[in-house]
Amino acid sequence: MRAIRVVGATGLSGGGEMGAWGRVSVVAVVLLTGCTTTGGSADPVGAPVTTTTKGATATTAGATPAASAATGCGSRVETGPLPGWAAGGFSGDARAPHVFGAKGDIVAVLFAHPLARVRTDGSANKILWVPRPAATPSVTTSPDALAITATLDGTDTRVTREVSGGPGPSIIDLPTAGCWHLELRWSGRTDTMDLVYAESVPNRRRG
């Protein structure tokens with residue numbers, strides 16, 4: 001299988017989380033805002049499939065009967081200003097579609113909105129993960145990877161993704177449209193959130 005590397009959180013500049021993509025102007029961010037799109041649910045993937053690539057691991061598997069699937073998609077896509085602790089690297093009135101973790105310890109800034117299983121417009125499912133500063137700084141010299149376990153709503157379909165270097169810029173593709181419940185783990189911390197993936201994003205018309 002072709003190796004796919006998930007972008008890590010390296011090369012950050014100016015103390016912000018946006019260094020790997022460069023400084024983002026508010027004008028570019030505002031263009032990304034739009035209505036929230038809800039994707040439809042799909043049947044679970046049949047046979048378990050595991051793919052291991054350099055820098056990223058993706059696993060799709062059917063859970064055991066004892067595993068229970070959560071229902072409902074509870075995380076709202078916010079379009080207002082980012083919190084101060086997540087706005088580093090942005091300029092002006094930092095606004096972008098974003099989703100908070102249930103604990104409020106991490107925010108996913110959606111540079112692709114809506115997220116989609118298939119993107120035919122040349123864009124990618126870019127997500128910037130920004131953790132809230134920890135009350136007690138980590139004693140580790142290098143950040144742990146951000147481990148993501150995603151479960152498709154109403155099913156036992158589960159996949160894993162990993163962002164090398166910890167929370168930061170990434171491209172997160174998921175195999176099926178619908179609501180995904182995410183469990184997030186990094187540097188001894190945890191949080192959860194829901195993300196909705198549409199089936200596809202059509203090509204933009206050029207006038």
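A disulfide, as the word is used here, is a pair of cysteine sulfur atoms within 2.5 Å. With that in hand, let us walk through this structure, which is a predicted model.

A search of the whole structure turns up one disulfide. The partners are Cys73 and Cys179, and their sulfur atoms lie 2.0 Å apart. Because the torsion about their S-S bond is about 90°, this disulfide is right-handed. The link joins distant parts of the chain, with the two positions 106 residues apart: Cys73 belongs to the loop between strand S2 (56-62) and strand S3 (98-100), while Cys179 belongs to strand S10. Is each end buried or exposed? Cys73 has a relative accessible area of 36%, so it is partly exposed. Cys179 has a relative accessibility of 9% and therefore counts as buried, the cut-off being under 20%.

From the disulfide we can turn to the interior. The largest nonpolar core is made of 24 residues, and those with the most contacts inside it are Ile127, Trp129, Leu182, Leu184, Met193 and Leu195. Which elements give two or more residues to this core? They are strands S4 (106-110), S6 (126-131), S7 (146-152), S8 (157-163), S10 (178-186) and S11 (189-201). There is also a second, separate core of 11 residues, and Ala87, Val107, Val109 and Leu128 are among its members.

Strand S6 deserves a visit of its own. Five of its six residues are buried, leaving the strand mostly covered. S6 pairs with S4 in the antiparallel sense, over five bridges, and here Ala108 sits opposite Trp129 of S6. That same Trp129 is one of the residues with the most contacts inside the largest core. S6 also pairs with strand S9 (residues 169-171), again in the antiparallel sense, this time over three bridges. In this pairing, Leu128 stands opposite Pro169 of S9; Leu128 is one of the residues of the second core.

Our last stop is Thr149, a residue of strand S7. How does Thr149 come to be classed as buried? Its relative accessible area is 16%, and since buried means under 20%, Thr149 falls into that class. Setting aside residues up to four places away in sequence, Thr149 touches Arg158, Val159, Thr160, His181, Leu182, Glu183 and Arg185. One name in that list may look familiar: Leu182 is also among the residues with the most contacts inside the largest core.

Technical notes: Residues are numbered from 1 along each chain as its sequence is written. This is a predicted model: local features need pLDDT of at least 70, side-chain atom pairs count only at pLDDT 80 or more; totals for chains, interfaces and linings use all residues. Side-chain values use heavy atoms; hydrogens and water are left out. A nonpolar core is a set of buried Ala, Val, Leu, Ile, Met, Phe, Trp, Tyr and Cys residues joined through side-chain atoms within 4.5 Å. Buried means under 20% relative accessible area, exposed over 50%, partly exposed in between (1.4 Å probe, protein chains only). Helices (H or I, at least four residues) and strands (E, at least two) are DSSP runs, numbered from the N terminus. Contact means heavy atoms within 4.5 Å. Two strands pair if DSSP finds at least two bridges between them.
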